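Reader: I would like to walk through this model with you. Short answers, please, with the reasoning shown.

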Amino acid sequence: MASENLCLPNIGVLAEELTAAITPGGTVRLDLSDVAAPDLSVIQLVQAARVSAAKAACDFALTAPAGDPFRALLDRAGFTSADHPDHSQFWFHGDTSQ
């Protein structure tokens, strides 16, 4: 579970936890529901974790669709584009009405 104030100054804690959790054949569920004001470092870390998990055949997903604090940030970062349906599936659990 990510902390409410997760952002660049303290992203290293979550990075270390994800690095330890992503194991070959494992399962990792990340809860971002308490993150109040995410910045781009959160998106970058989660995307890097997705890549690492895929390489390790680790089942990596969010516990729930990303909420409102993430929507504008994901829009600005290009993660809600129709060209990348896998992003919609990951971030919003396939709900395109976000």
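Reader: How many aromatic pairs does the count come to?
Author: This is a predicted model. Rings pair if their centres lie within 6.5 Å. By this rule, the number of aromatic pairs is four.

Reader: What is the geometry of the pair Phe-79 and Trp-91?
Author: The ring centres of Phe-79 and Trp-91 are 6.5 Å apart. Their planes stand at 70 degrees, and planes over 60 degrees apart count as edge-to-face. So the pair is edge-to-face.

Reader: How many residues apart in sequence are the parts that Phe-79 and Trp-91 tie together?
Author: Phe-79 lies in the loop between α3 and α4. Trp-91 belongs to helix α4. The pair therefore ties together parts whose separation in sequence is twelve residues.

Reader: Is Trp-91 buried or exposed?
Author: Buried means under 20% relative accessible area. Trp-91 has a relative accessible area of 0%, so Trp-91 is buried.
Its partner Phe-79, at 14%, is also buried.

Reader: What is the geometry of the pair Phe-90 and Trp-91?
Author: The centres of these two rings, Phe-90 and Trp-91, are 5.3 Å apart. Their planes are at 90 degrees, so this pair is edge-to-face.

Reader: Which residues form the aromatic cluster?
Author: Phe-79, Phe-90 and Trp-91 are among them. Phe-60 and Phe-70 belong to the cluster as well. The full set is Phe-60, Phe-70, Phe-79, Phe-90 and Trp-91.

Reader: Which residue has its charged end over the ring of Phe-90?
Author: Phe-90 counts as buried, at 8% relative accessibility. A charged end sits over its ring, 4.2 Å from the centre. That charged end belongs to Arg-50.

Reader: What covers the buried residues of α4?
Author: Helix α4 spans residues 85-92. Its buried residues are His-87, Ser-88, Phe-90, Trp-91 and Phe-92. Their cover includes α2 (40-55), β2 (59-62) and α3 (68-76).

Reader: Which residue takes a positive phi just after α4?
Author: The phi there is about 55 degrees. The residue is His-93.

Reader: How far apart in space are Ile-11 and Val-42?
Author: Ile-11 is in helix α1 (residues 11-21). Leaving aside neighbours within four places in sequence, its contacts are Leu-6, Ser-41, Val-42 and Leu-45. Ile-11 and Val-42 are 31 residues apart in sequence, yet their C-alpha to C-alpha distance is 7.0 Å.

Reader: Which feature does UniProt place at residues 8-79?
Author: The span is 50% helix and 11% strand, with its end C-alpha atoms 19 Å apart. The UniProt entry is unreviewed. The feature it gives is "domain: MlaB-like STAS".

Note on methods. Residues numbered from 1 in each chain as written. Predicted model: local features only at pLDDT ≥ 70, side-chain atom pairs only at ≥ 80, totals over all residues. Heavy atoms only, no water. Buried < 20%, exposed > 50% of the residue type's maximum accessible area, 1.4 Å probe, protein only. Helix = DSSP H or I, 4+ residues; strand = E, 2+ residues; numbered from the N terminus. Contact = heavy atoms within 4.5 Å. UniProt positions renumbered as here; feature names shortened; annotations may be inferred. Phe/Tyr/Trp six-rings, centres within 6.5 Å; stacked < 30°, edge-to-face > 60°. Lys NZ or Arg CZ within 6 Å of the ring centre and 35° of its normal.
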